[in-house]
Amino acid sequence: MYSKNGDGAIGVVVSSAKQALAKANELAESGNEVLIKDLAGRVLDTATIVELAARE
């Protein structure tokens, strides 16, 4: 998961879809742009993360 605010960006590695969803929400609330990727580097949309989290 990557978050960008202004010129800086941070990367966060999480171990589950639930954690990814929670962290994405936290970063988005701070006004940051959030991009979620899987370990292969593919960008995942929010609906996919929600579906994966529901399966956990």
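Select Ala17, Ala20, Ala24 and Leu27 to begin: these are the buried residues of helix 1. Looking down the axis of helix 1, you will find that its buried residues fall within an arc of 90 degrees, so they line one face of the helix. Keep in mind throughout the tour that this is a predicted model.

Now extend the selection to the whole of helix 1, which covers residues 17–29. Helix 1 has 13 residues, and the distance from its first C-alpha to its last is 18 Å, close to the 18 Å expected at 1.5 Å a residue. Moving just past the end of helix 1, pick Gly31, which takes a positive phi of about 85 degrees.

Step back to the full chain before going further. The protein chain holds two helices and four strands, and from the N terminus on its elements follow the order β-β-α-β-β-α. Of its 56 residues, 21% count as buried. If you colour the surface by atom type, the protein chain exposes about 4,000 Å², of which carbon and sulfur atoms supply 51%. Where contacts join residues at least 6 apart in sequence, 50% of them link residues at least 24 apart.

Next, turn to the charged side chains. Side chains of opposite charge can pair when their charged atoms come close. How many salt bridges does a search of the whole structure find? The search finds three, and each can be shown in turn.

For one of them, return to helix 1 and display the side chains of Lys23 and Glu26, which meet in a salt bridge with an N to O distance of 3.2 Å. Both residues lie in helix 1, three residues apart, which is about one turn of the helix. Lys23 is partly exposed, with a relative accessible area of 24%, and Glu26 also counts as partly exposed, at 44% relative accessibility.

For another, select Arg55 and Glu51, whose closest N and O atoms are 2.3 Å apart in a salt bridge. The two residues are four apart in helix 2 (residues 46–55), and are therefore separated by about one helical turn. Is Arg55 buried or exposed? At 60% relative accessibility, Arg55 counts as exposed, whereas Glu51 is partly exposed, with a relative accessible area of 44%.

The remaining pair to display is Arg42 and Asp38, whose side chains meet in a salt bridge at 2.7 Å, N to O. Arg42 is exposed, with a relative accessible area of 54%, while Asp38 is partly exposed, at 21%; exposed residues are those over 50%, and buried ones those under 20%.

With that pair still on screen, show the backbone of strand 3 (residues 33–37) and strand 4 (residues 43–44), which pair in the antiparallel sense over two bridges. Within this pairing, select Lys37 and look across to strand 4, where Val43 stands opposite. The hairpin of strand 3 and strand 4 has five residues between the strands, and in this hairpin Gly41 takes a positive phi near 90 degrees.

From here, go to Gly11, which is found in strand 2 (residues 8–11). Gly11 is exposed, with a relative accessible area of 55%. Draw a distance between the C-alpha atoms of Gly11 and Leu35: although these residues are 24 apart along the chain, the two atoms are separated by 9.5 Å.

The last stop brings parts of the two helices into one view. Select Lys18, which has its place in helix 1 and is partly exposed, with a relative accessible area of 47%. Which residues does Lys18 touch, not counting those up to four places away in sequence? Lys18 touches Ala53 and Glu56. Two further C-alpha distances can be drawn from Lys18. One runs to Glu51, 33 residues away in sequence and 9.8 Å away in space; the other runs to Ala54, 36 residues away along the chain, with a separation of 8.0 Å. Ala54 lies in helix 2 and, at 65% relative accessibility, counts as exposed. Glu51 has appeared already on this tour, as the partner of Arg55 in a salt bridge.

Definitions and conventions: Residues numbered from 1 in each chain as written. Predicted model: local features only at pLDDT ≥ 70, side-chain atom pairs only at ≥ 80, totals over all residues. Heavy atoms only, no water. Buried < 20%, exposed > 50% of the residue type's maximum accessible area, 1.4 Å probe, protein only. Contact = heavy atoms within 4.5 Å. Areas by Shrake-Rupley, 256 points an atom, 1.4 Å probe, with all protein chains shown as cover. Salt bridge = Lys/Arg side-chain N within 4 Å of Asp/Glu carboxyl O. Expected span 1.5 Å × (residues − 1). Arc of directions from axis to C-beta. Pairing = 2+ DSSP bridges.
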